[in-house]
Amino acid sequence: MDRYENLNEKELWENLASKDLLERVDSYRKLSSKAYFDGRYKESLEMGSMARDLLLENGRESFHKEIASILGSMTEILEIMKDLPEALNTIDEAIAICKEYGDEDIGSYIRYKGRLYFKDKKYEESLACHKESLELPDIGPWEHSLGVDYLNIGMSLNRLGRFSEAEEYLLKSIDSFLSEDEDEDERPNWVMQAYGEIVETYVGLNNGEQILFFAQPALDWWENQGVRRTCWWLKYYLAIG
């Protein structure tokens with residue numbers, strides 16, 4: 001969800017009477033954003049729906065990219081509202097539109113669907129989404145490309161108890177994060193997420209040596225970040241390693 005600064009809400013409501021379609025759509029989207037960041041999620045969803053419907057009524061083909069983007073934002077709201085079934089239905093609409101018009105953003109929406117399935121503990125479905133995303137171009141600068149895909153696949157495989165397969169993908173994830181030319185401030189966060197996940201893999205494989213190798217640097221990192229819950233289970237794994 002984009003955050004717009006210095007919004008004049010009164011002016012946005014007045015703009016809804018405009019004869020200009022895109023001005024009305026823009027106002028609905030900004031009103032949706034304002035409600036979202038104010039914690040008024042139901043209202044935010046309603047404003048997003050109005051923007052989507054306006055575009056659908058006035059040219060699905062002409063505005064397919066914008067419609068998919070709105071559906072992605074609506075999915076985010078539904079996720080926060082803990083309505084995962086409807087969130088999955090909504091992201092499916094975005095994916096369908098991308099497929100219909102060959103939109104290159106489709107990979108990001110399929111990844112999002114995979115994360116929703118994971119959150120819903122549907123790990124086979126999540127795995128299928130992330131494997132599909134490997135075959136698609138990634139144009140989202142926020143996605144860190146292959147590293148995130150490999151990490152998500154490894155996480156799903158861990159939850160399914162397929163630890164040997166998880167190890168393969170998580171090692172690829174770590175290699176990818178270490179080799180990617182990304183922001184140095186972001187790199188440790190991604191690497192240590194993958195380290196923490198692969199510790200669980202080695203617990204499943206009963207490999208004490210590798211537990212110690214990955215858990216200690218992960219623990220040092222997360223202690224510095226003040227994330228107590230993660231530190232607790234890493235200390236536990238170090239104790240049994």
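Is Glu165 buried, exposed or partly exposed, and what is its relative accessible area? Keep that in mind as you start the tour of this predicted model.

**Stop 1: Glu165 and Arg162.** Select Glu165 and show its side chain: Glu165 is partly exposed, with 31% relative accessible area. Now add Arg162, which is also partly exposed, at 26% relative accessibility. The two form a salt bridge, and their closest N and O atoms are 2.9 Å apart. Side chains of opposite charge can pair when their charged atoms come close.

**Stop 2: Asp103 and Lys65.** Next, select Asp103, in the loop between α5 (84-101) and α6 (106-119). Then pick Lys65 in helix α4, which covers residues 64-80. Their side chains meet in a salt bridge, at 3.1 Å from N to O. This pair connects distant parts of the chain, 38 residues apart. Look at the surroundings of each partner too: Asp103 is buried, because its relative accessible area is 6% and the cut-off for buried is under 20%. Lys65 is partly exposed, at 36%.

**Stop 3: Lys119 and Glu79.** Move on to Lys119, which is partly exposed with a relative accessible area of 49%. Its salt-bridge partner is Glu79, and the closest N and O atoms of the pair lie 3.2 Å apart. Here helix α6, holding Lys119, is linked to helix α4, holding Glu79. The two residues are 40 apart in the chain.

**Stop 4: a network.** Finally, select Lys34, Asp38, Arg40 and Glu43 together: salt bridges link these residues in a network.

How many salt bridges does a search of the whole structure find? The count is 16, so there is more to explore on your own.

Notes:
Residues are numbered from 1 along each chain as its sequence is written. This is a predicted model: local features need pLDDT of at least 70, side-chain atom pairs count only at pLDDT 80 or more; totals for chains, interfaces and linings use all residues. Side-chain values use heavy atoms; hydrogens and water are left out. A salt bridge is a side-chain nitrogen of Lys or Arg within 4 Å of a carboxyl oxygen of Asp or Glu. Helices (H or I, at least four residues) and strands (E, at least two) are DSSP runs, numbered from the N terminus. Buried means under 20% relative accessible area, exposed over 50%, partly exposed in between (1.4 Å probe, protein chains only).
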